[in-house]
Amino acid sequence: MPNPPKLFLKFLKWFCNPNLHKPIEGDLLEFYDENVELHGKRRADLIFIKDVLLLFRKDIIKPLGGTYSLNTFGMLSHQIKLAFRSFKRFKNSFLINILGLSTGLTAVLLIYLWINDELSVDRFHQNDKQLYQALQNINNPDETFTLTNTPALLAQTLEEELPEVEMSASMIPVGSYGSDRVIQYEDRKLKMDDIYASEKFFEVFSYELVSGDTKEVLSKKENVLVSESFGSSLFGETDPIGKVVQVQESEDTRTYIISGVFADLPKESSKQFDVIFTMDAFLDLHPHIREWGNSDPSTFLVLKENTDVDQLSSKIENFISTKEEGYRHTLFLQKYSERYLNGNYENGQIAGGRILYVKLFSAIAILVLVIACINFVNLSTARVSRRIKEIGVKKAIGATRGSLISQFIVEAGLIISMSMVIAVMATILLLPSFNALTGKSILLTFDWSIIQFLFIVTLVTTILSGGYPALYLSGFSTLNLFQGRVKGSFAELWARKGLVIFQFAVSVVLITSVLVVSSQVDFILNRDLGFQKDHIIYFNSDGSLQENATAFIDELKKETSVINAAQFGHDLLGNRGQTSGVRWEGKGPDEFVQFGNLEIGYDLIETFNLELIAGRSFSDEHGDDGRKILFNEEAIKVMGIEDPIGKTVNLWGYDREVIGVVKNFHFESLHKEITPCFFQFTNAASSIVVRIQSGNELRTIERLEEIYQAHNPGLPFTFKFFDDEYDALYRSELQISTLAKYFGAVAILISCLGLFGLVAFTTERRQKEIGIRKVLGSSEFNLMMLLSSDFSKMVAIGILIALPISYLLVNGWLESFAYRIDLDFTFFLSSGLISMGIAWITLGFQTLKAAKSNPVESLRYE
Amino acid sequence: MKKYQLGEFEEVVMLTVAILYDNAYGVTIRKEIETRLDRGVSVGALQAALKRLEDKKFLVSSDQAGTQERAGRPKRYFKITALGKEAMEYVRSTRNSMWDAIPDISLDVKFKALYNA
């Protein structure tokens, strides 16, 4: 007798409800035999197959749940049901866990987004992996400085002479030759952020071209490109290509032709510009840059694949000296996309930068998450006595250790998944304020990488927080469980205590850091700088102001709301010239002193309210000019000149008469100490500074704009408030300090939640003891002391451990400031007191409730 | 009302089981339907209907040891329960009452044709 196809018999057996399987199979076989006789085996097989396939339907397939072989599903639904029941039964610890974990996860998520954003900067270029920048080290005898500037010919020459270099580009970054330069099309004038770039710029970098050919757009000297949005504000609706624009270069007006339009730059680009001129045009304007001895452009190289970068870097170290004899600066390579995070150089070595903050926040994220996990671990292991019976019964009826473990893991996973959902929602809600705080524009988009991240974090958190309780709770012997003998061993108790201690230690470190960082930032922002930074606005001497600044300033001064105004070639924000070209009587032949070079007009000293300690400032009445000079206190000290007024020093080979000494003031970032500087006179400085009366700023600025427009018709009046710009110098410190405050608060909040949960639990367990003690005459205060002394000890130990660690951390950070607060004991005392205080409030809340309770309530049932 | 829910195919199956009396199992039921109604019935559709009817307690089943030709697989015989009988009668009486409610004229095809014209 022929048999039906085995495969389909097996298939039937696999899917069919076992209750129905045998009779159905019997029926099928009966039909099969009949069909074989009627139609032959082939046809019978086909009919059989058709019948089996048609049996694959809802009522015949075995159910997913139940007690059949798909038992895991049944167990899982059982475990989820039990988990929800235990959440309901222990509402307090459930809420504490949810609150703690979701807060922690929100912090982690926000930090992840921030770090991701930081790490994505400049990585979008297609050549990213091979894209390097050549940097120069200036090897002075006492210190090595690193420059991003290189000779103009370097890029092209390296490409031609080294086989490892595939492509190269050079570029003059924004603002190198004066910021806010003006471009003109017909009557319309706009200020631009412009760069000069060499021919292969668009091949080396992956900035998108909207129109124009990648290889052609920068090929002719008079070519210029604009960004899409800049183009539409300059040309309106019309197509920019081929339009002729003018740019005022120092002496004459140059004409350029728009050869292309590039898409607005992505926010991931660290360089932001809206107009590109050709490098040839730049070299035309500044022919001296063509020489090897002069450095200005940045050099970018695309290396061939599999190039040994370190080897190449040392190979080109002395490359320039082969072109220019006696050239002492050395070259090295750094990956371009790494420069954003590692943009600081110390003694010729790459010395971090923003990567420090990335690392700092990664550490904070991990700590906050660990603290939240510790809560979970503590609460679930402390709760063990409440679940003894459940575990005991399960074990007695044959639950294996594995299934108990999986139950607790499922419980943890469920809580954590819920917290994750809450955290994602909270993140979406918080992102706008977070962006405002960090100055970013991060969006939470659910792409593959973020889903992966959420999944991994959920998994790791589940294992971290569910793993230990699962192993611990499932490890008791059944007999002990029923006899109630699960007194935690000494080691287990200490593990729990240790975790609380750790939580508070971390919190104290964070609180101390927050205190120190914020007071240091306050110190900087409110420090007496030696000048007044409020109510000062400044703007560039654009257009015709360059020639008749004096008349313009005189006009400004006639306004009653203008207190003073002056020309200035510096901004006291760190952008300044420096020179060692000062010689004075008694200067040693090897003495090398760098002087800050500040070019100022009349009345500048008065405008900034700088204090003179001797002599006078530049003044119209004395007909002062370039033959006079002022120094700061530090410079006089360094030069060792006594009674300097009227003495002569030599600057760049010309004698200058010292007419005044200015009290020391901070003319650059407080990260640096005050160095010697001098003031020389100019009447054609790059910017104009105006001190205005407080109270009516808007009106005053409108008036200033009118005067400005009268001199520069059609040119937009863009100005800056000096104090805003000054605060911006410390923006990253401010951001870090605010962020640290929030995350510190989150950490202590979560720690206290955990403490709260633990105390609530122990007081509940000791209710009868408390009742008996009360009946026997214990006072409420005594009871509170009794209940909180254990926890106070833990918190105190945590604080003691944290203090030296936080000292080391904040001290290291403070050392990056030349002017810093004294790290005295009060910081540590107050952070200790704060965390102790918060802990006590948490403890007091619970213990007072327990101590106040009527003993009848707790003893009644005995 | 709800408890007598009986689909068209389910009703056919019930009737067939009743006809076959104590010889109603998968193979015979299927053959009976196919010959009486002259339509093909897949094993799947039939077994699903039988399972549903059993779940509704309209049918009970009992297994009998299998014969040689079935490779020892048991035959599952079906019988109508009291509830099943009630359901069938309910369906029949509702049908009848509906038939009775039809006015003669509505089925008068001749008149209908005239009416349409």
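The expected span of a helix is 1.5 Å times one less than its number of residues. The exercises below apply to a predicted model.

**Exercise 1.** Determine how the reach of helix α4 of chain B stands against its expected span, and state how many of its residues are buried.

*Solution.* Step one: α4(B) covers residues 82–101, which gives 20 residues. Step two: from its first C-alpha to its last, α4(B) reaches 28 Å, close to the expected 28 Å. Step three: a residue is buried if 20 or more other C-beta atoms lie within 10 Å of its own. Two of the 20 residues of α4(B) are buried, and the helix is hardly covered.

**Exercise 2.** Classify Phe8(A) as buried, partly exposed or exposed, and identify its contacts.

*Solution.* Step one: Phe8(A) is located in helix α1 of chain A, residues 6–15. Step two: a buried residue needs 20 or more neighbours, while an exposed one has 12 or fewer. Phe8(A) has 18 C-beta neighbours inside 10 Å and therefore counts as partly exposed. Step three: neighbours within four places in sequence aside, Phe8(A) contacts Phe48(A), Ile49(A) and Val52(A). Ile49(A) lies 41 residues away from Phe8(A) along the chain, yet their C-alpha atoms are separated by 6.6 Å.

**Exercise 3.** Describe the contact between chains A and B, then the packing of the two α3 helices.

*Solution.* Step one: chain A contributes 18 residues to the contact and chain B contributes 19. Step two: on the side of chain A, α2 (18–39) and α3 each supply at least two residues, and α2(A) gives the most, with 12 residues. By class, this side of chain A has nine nonpolar, one polar and eight charged residues. Step three: α3(A), residues 41–55, and α3(B), residues 43–55, pack at an angle of about 35° with axes 7 Å apart. Here Asp51(A), Leu54(A) and Leu55(A) meet Val43(B), Gly44(B), Ala45(B) and Gln47(B). The residues of this helix contact comprise four nonpolar, two polar and one charged.

**Exercise 4.** Identify the residues that touch the most other members of the largest nonpolar core, and the helix that gives this core its largest share.

*Solution.* Step one: the core holds 77 residues, of which Val368(A), Phe743(A) and Ala747(A) touch the most other members. Step two: several helices of chain A each supply at least two residues, including α5 (91–120), α11 (355–382) and α16 (490–526). The largest share, 16 residues, comes from α22(A). Step three: beyond its neighbours within four places in sequence, Phe743(A) is in contact with Ala107(A), Ile364(A), Val368(A) and Leu510(A). A second, separate core has 53 residues, among them Tyr132(A) and Ile195(A).

Key:
Residues numbered from 1 in each chain as written. Chains lettered and ligands numbered in written order. Predicted model: local features only at pLDDT ≥ 70, side-chain atom pairs only at ≥ 80, totals over all residues. Axes fitted to C-alpha atoms, helices over the stretch in contact; angles between N-to-C directions. Helix = DSSP H or I, 4+ residues; strand = E, 2+ residues; numbered from the N terminus. Contact = placed C-beta atoms within 7 Å. Nonpolar A, V, L, I, M, F, W, Y, C, P; charged D, E, K, R; others polar. Core = buried A, V, L, I, M, F, W, Y, C linked by C-beta atoms within 7 Å.
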